[in-house]
Amino acid sequence: MEINKYIQQKKEIQSFLLNYIENENNDYESFRSLCQNVETQNIQSNKEDYLHFLFLICEISKNHHRNINFFEKIEQIISYFKPSINQTFTDIELFNIFKKSKRILLFLLENKIIKIDENITNLILKEKGAEYFFTEIQPFLANDTIKQNLLNIDSNIFLFYEKNRQKGENDSYVSQLIRNDSIEDFVIYVNRYNFSLSNKIKPSIFETNPFLIKNKEPTLIEYASFFGSIQIFQYLLFNNVKLTPSLWLFAIHGKNAEIIHLLEENGLKLNYSFSIECYKEAVKCHHNDIANYIEINYMNDKKCEYCYRY
């Protein structure tokens, strides 16, 4: 019974957290309900439970679809618990929790929740985040190599450097058009510059999404799927851009059911083996509705060891 109660409590926290983050409005009631639930469970008094709570926030920040107020809401949660976070965890511990979530790590550094020093600088260098965190680590660098690397990327990179870091996304113009699903401007751009629809999105030091960092040069249609940009996706589909099974993984992150159904209608249904991978990706993103859809439509005919819930 105690184990079941513990699991139920963790599910409640996840539910309150997702309810707040997935609401595109600044819903104060949802935020208050989340904070009250965490405090009622007295999570701050148990370091292991508190650690799990911060890891949950980190995993959501890394993988969940980013709506318009996504980072603002995560930052609000962390700010609310800042006093107890700093009382409970060392700077190194906090860095190790959030080291794969560059955009949140930036917030922690800027707000002195993690204090930058030589040790943190060395950890950032080890994680290959030097260019993104140049502002913070510059006082602890022995030479200007990283600054020169940035200038080699773009001689004007520092004009919008801070703004681009806050966005935490690819800074190219075409990627911005796709993220915003600006179909008219996208078509104009493609026609004016004879831009091939088979081109790929070039890597950016400002990218903070681990999936896109790993898949460093997505195709245009993969990038559109990732951001749920349905109009540009349909345009690319109409213009016979090649569809590949990998689009499922990108579309799961994009959280747009219409794109998923278009993949199915165009012959990209999941086989059982790949459905397991897609199911796990949906669970990792905390996109429970998509995970349920995959399980019901593609995994129900066989017993599957991966059919679990977070």
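This briefing covers the pockets, a cavity, one helix and several single residues of the structure above. The model is a predicted one. Its largest pocket has a volume of about 600 Å³, and its second largest pocket has about 380 Å³. The structure also holds one cavity of 30 Å³ or more, and the count of disulfides is zero.

**Largest pocket**

- The lining of the largest pocket is made up of 28 residues, and K102, E127, K128, E207 and I213 are the ones nearest its centre.
- Two elements, α7 (102-110) and α14 (210-214), give two or more residues to this lining.
- Of the elements, α14 gives the most, with three residues.
- By class, the lining of the largest pocket has 14 nonpolar, four polar and ten charged residues.

**Second largest pocket**

- The second largest pocket has a lining of 16 residues, with R66, N67, I68, K167 and E169 nearest its centre.
- At least two lining residues come from each of α4 (70-80), α11 (161-167) and α12.
- The most come from α4, which gives three residues to the lining of the second largest pocket.
- This lining divides into four nonpolar, six polar and six charged residues.

**Cavity**

- The largest cavity encloses about 60 Å³ of space.
- Its lining consists of N63, H64, H65, R66, N209, F226, F227 and H253.
- Five of the lining residues of the largest cavity are polar, two are nonpolar and one is charged.
- R66 lines the largest cavity and is also among the residues nearest the centre of the second largest pocket.

**Helix α16**

- Helix α16 spans residues 230-238, and its buried residues are I230, I232, F233, Y235, L236 and L237.
- The cover over these buried residues includes α12 (173-179), α13 (183-192), α15 (220-226) and α18.
- Just after α16 comes N240, with a positive phi of about 65 degrees.

**N256**

- N256 sits in the loop between α17 (247-254) and α18 (257-265).
- N256 counts as buried because its relative accessibility is 16%, and the cut-off for buried is under 20%.
- The N256 side chain reaches the backbone oxygen of G228 at 3.0 Å.
- A polar atom of the same N256 side chain lies 2.9 Å from the backbone nitrogen of E258.
- Apart from neighbours within four places in sequence, N256 is in contact with G228, I230 and A251.
- I230, one of these contacts, is among the buried residues of α16.

**Positive phi in loops**

- K128 is not a glycine, yet has a positive phi of about 60 degrees.
- K128 lies in the loop between α8 (118-126) and α9 (134-137), and at 75% relative accessibility K128 counts as exposed.
- D181, also a residue other than glycine, has a positive phi near 55 degrees.
- D181 lies in the loop between α12 and α13, and at 14% relative accessibility D181 counts as buried.

**Cysteines**

- A disulfide is a covalent bond between the sulfur atoms of two cysteines.
- The sulfur of C278 has its closest cysteine sulfur in C285, 11 Å away, so the two are too far apart for a bond.
- C285 is likewise in no disulfide, with the sulfur of C278 as its nearest cysteine sulfur.
- C278 is buried, at a relative accessible area of 0%, and C285 is buried at 0%.

Note on methods
Residues numbered from 1 in each chain as written. Predicted model: local features only at pLDDT ≥ 70, side-chain atom pairs only at ≥ 80, totals over all residues. Heavy atoms only, no water. 1 Å grid on protein atoms, 1.4 Å probe; cavity = no way out; pocket = protein on both sides within 12 Å on 5 of 7 lines; lining within 4 Å. Points joined across faces, edges and corners; volume = space filled by probe spheres on them. Nonpolar A, V, L, I, M, F, W, Y, C, P; charged D, E, K, R; others polar. Helix = DSSP H or I, 4+ residues; strand = E, 2+ residues; numbered from the N terminus. Buried < 20%, exposed > 50% of the residue type's maximum accessible area, 1.4 Å probe, protein only. Polar contact = N/O pair within 3.5 Å; in protein donor to acceptor, adjacent residues only side chain to side chain. Contact = heavy atoms within 4.5 Å. Disulfide = S-S within 2.5 Å.
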